[in-house]
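Dear colleague,

Below is the structure I promised to pass on to you. Please look through it alongside the notes that come after it.

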Amino acid sequence: MTKGKCKTMLDIREVIHRLREGHSNRRIWRETGVDRSIIKKIKILANLHRWLDVSLTMPTDEEISKFWNSTNKVQKKKHPLDLHRDSLEQWKKEGCSAIVIHRLLKDKCPCDPQAIRRYMHKYFPNPIDPVMVRHTIPGNDLDIDFGYLGKFLNDEGIVKKAWVFSFRLRHSRRAYREIVLDQSSQTFLISHIHAFEWFGGVPKNVILDNCKAAVTQSTIDNDKIRRSYQELAEHYGFLISPCLPRTPEHKGGVESDVKYIKTNFLSYFLARQKEKNVSMASLKELADSLNIWGKEVADMHIVHGIGRSPLEIFKSEEEKELRFLPKSRWELTCWSQSIVHKDWRIMYDCAYYSVPYQLIGKTVQICATASLIRIFYDHKEIAYHERAKKKWEYKRKVEYAPPIQENVLQCTREGLLSLAETIGPFTYKVAGEILSHPTVDKLRPVRHLLNLTRKYSKERLEKACQRACNYKIFSYVSIKNILENNLESKPSEIYLPQKVIPIQQFRFARDPGDYKTENPSNFTRKPEDRHPYSKHGNGMCRSIWDMLMADQIMEEEQQ
């Protein structure tokens with residue numbers, strides 16, 4: 001008790017209690033230090049309300065306070081701003097700051113901005129919004145959030161932006177943290193798998209904000225969740241619970257965890273890197289240091305108001321409440337949609353895939369895995385392809401092509417050969433022989449050859465090509481004549497050439513011996529000996545001798 005004054009209600013009750021015991025004012029002053037004038041006022045007030053009657057109970061604090069304050073009202077000193085109190089209240093509602101109010105009152109009341117701020121805080125304090133402490137259930141809720149950490153070097157020495165992805169259990173406060181290089185849907189889904197395997201179980205609810213990796217659009221019905229994220233939730237058995245837009249306080253635990261990482265871990269890590277004269281740390285060292293910090297600091301610190309560490313709470317209460325992991329790991333799938341173009345193909349991840357031509361102009365759904373591309377329309381799978389391994393690769397299937405596919409395929413050599421192969425092997429052989437001409441484009445005769453199936457059947461064309469192969473006549477005109485004369489059904493007569501052809505003798509014919517020569521080797525020499533050609537592309541030399549010399553020099557250089 002402060003000497004000479006009654007500071008608290010306990011001091012007043014002490015004085016009343018002593019008066020009820022019959023103590024004198026002097027004795028109370030000497031033992032409690034309360035001034036005798038105050039004791040006298042309390043005694044007058046007690047006699048007035050019969051508080052000194054021993055047969056009655058002691059008055060309550062509310063009763064004492066009510067009558068004591070009414071009798072001890074001190075006339076307050078007027079403040080210069082009291083004259084403008086109504087204006088100050090209105091300006092407060094309009095959101096004016098103390099600096100603005102000082103400028104408004106500059107000519108009316110010369111007060112300092114700090115005095116205005118104190119006056120406003122005393123008489124017009126900001127209302128404090130009440131908060132509710134949520135009761136947590138072990139294994140029930142998991143909060144997730146991204147947090148930007150800065151720029152770091154990857155293994156190749158390239159500067160990359162890095163984020164931390166935090167998965168925090170509400171009850172135990174234990175969190176799984178992972179360094180990521182983007183916030184894509186694929187990274188988002190893979191990190192979920194890593195977190196569930198790290199915890200050794202799956203919570204019932206996953207609370208997240210409306211990030212594009214999970215939610216395409218925030219709605220009241222929560223019906224704009226990405227399909228791949230819904231498949232992940234179905235596989236592991238948890239519920240997706242997006243927060244309202246711009247309400248980070250709904251998952252304040254993980255928001256505080258991201259802040260905790262930045263202020264506790266990141267600042268310490270960067271300071272240690274600075275001591276090592278490292279201007280920019282590597283991503284590998286950042287991830288390793290984060291794991292060590294999580295085990296030695298984050299998991300072991302004592303939670304305020306709980307008296308235990310997150311690891312201890314997790315092991316004793318929450319770990320056993322998590323749901324079991326499924327037997328198989330979820331295969332990563334990514335869903336998107338695309339419009340089928342007039343060339344009956346779609347584009348996904350810088351590659352093209354064909355679809356049935358009937359869906360031109362329609363919007364289809366694409367389900368992509370690591371090895372397959374599956375295409376759906378109206379919840380029905382209408383096409384599938386092996387996933388392209390190169391950028392701008394075209395995965396095409398013939399059965400998806402329109403009826404006029406021949407007109408499209410006949411533009412190239414490979415297309416003509418694929419059409420000829422559908423007719424038969426002999427047609428394919430004839431088409432290949434015609435197209436094998438080294439200097440002349442033979443696409444036109446092959447197109448006409450295949451168009452013979454419009455007038456004649458494929459079976460007749462195949463037999464005609466078989467007859468042409470027997471006689472080694474590979475031309476469009478010959479096969480057309482075979483079909484026009486119905487020769488394909490007749491048996492083939494193969495004539496072998498004879499080495500000696502008999503010559504008819506005439507009366508005045510010259511004796512064949514006259515044509516003999518003294519050097520018969522001139523007629524048996526190879527054509528290349530009579531007309532040399534360059535083996536190394538030197539045929540444009542001025543003379544044959546220069547050409548042969550150039551070839552000889554190039555052969556010596558190669559050896």
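What follows is a short account of confidence, sheets, hairpins and empty space.

This is a predicted model, in which local features need pLDDT of at least 70 and side-chain atom pairs count only at pLDDT 80 or more, while totals for chains, interfaces and linings use all residues. Residues are numbered from 1 along each chain as its sequence is written, and side-chain values use heavy atoms, with hydrogens and water left out.

The protein chain has an average pLDDT (the predictor's confidence in each residue, from 0 to 100) of 87, and 90% of the residues score at least 70. Confidence is highest in strand β3 (residues 175-180), at a mean of 97, and lowest in helix α19 (residues 521-524), at 54; helices (H or I, at least four residues) and strands (E, at least two) are DSSP runs numbered from the N terminus. Where pLDDT is low, the predicted coordinates should not be read in detail.

Five strands make up an open sheet with mixed pairing, in the order β3-β2-β1-β4-β5, where two strands pair if DSSP finds at least two bridges between them. Because β3 and β5 stand at the edges with a single partner strand each, one side of each is left without a neighbour in the sheet. Strands β1 (residues 141-153) and β2 (residues 159-169) are antiparallel and share 11 bridges, and Leu 142 has Leu 169 in β2 as its bridge partner. Strands β4 (residues 205-208) and β5 (residues 239-242), by contrast, run parallel and are joined by four bridges, with Leu 239 in β5 as the bridge partner of Asn 205. Between β4 and β5 the chain passes through helix α9 (residues 227-236) in a right-handed β-α-β crossover (right-handed if, with the strands pointing away from the viewer, the path from the first strand over the helix to the second runs clockwise).

An open sheet of three strands, also with mixed pairing, has the order β7-β8-β12. Within it, strand β8 (residues 352-354) pairs with β12 in the parallel sense over two bridges, and Tyr 352 has Tyr 394 as its bridge partner in β12.

Two hairpins involve β10. Strand β9 (residues 363-368) and strand β10 (residues 372-377) run antiparallel and are joined by four bridges, with three residues in the hairpin connection. β10 also pairs in the antiparallel sense with strand β11 (residues 380-386), over six bridges, and in this hairpin two residues lie between the strands, with Asp 378 in the turn having a positive phi of about 55°. Phe 376 is the bridge partner of Gln 365 and is also bridged to Glu 381 in β11.

As for empty space, on a 1 Å grid over the protein atoms alone, a cavity is a set of points where a 1.4 Å probe fits but cannot get out, a pocket is an open set with protein on both sides within 12 Å along at least five of seven lines, and lining residues have an atom within 4 Å of a point. Grid points are joined across faces, edges and corners, and a volume is the space filled by probe spheres set on the points. The largest pocket holds about 510 Å³, and of its 21 lining residues the closest to the centre are Arg 168, Arg 170, Arg 173, Gly 253 and Val 303. Helix α10 (residues 252-275) gives the most to this lining, with five residues. The largest cavity has a volume of about 40 Å³, and β1 gives the most to its lining, with three residues.

With best wishes
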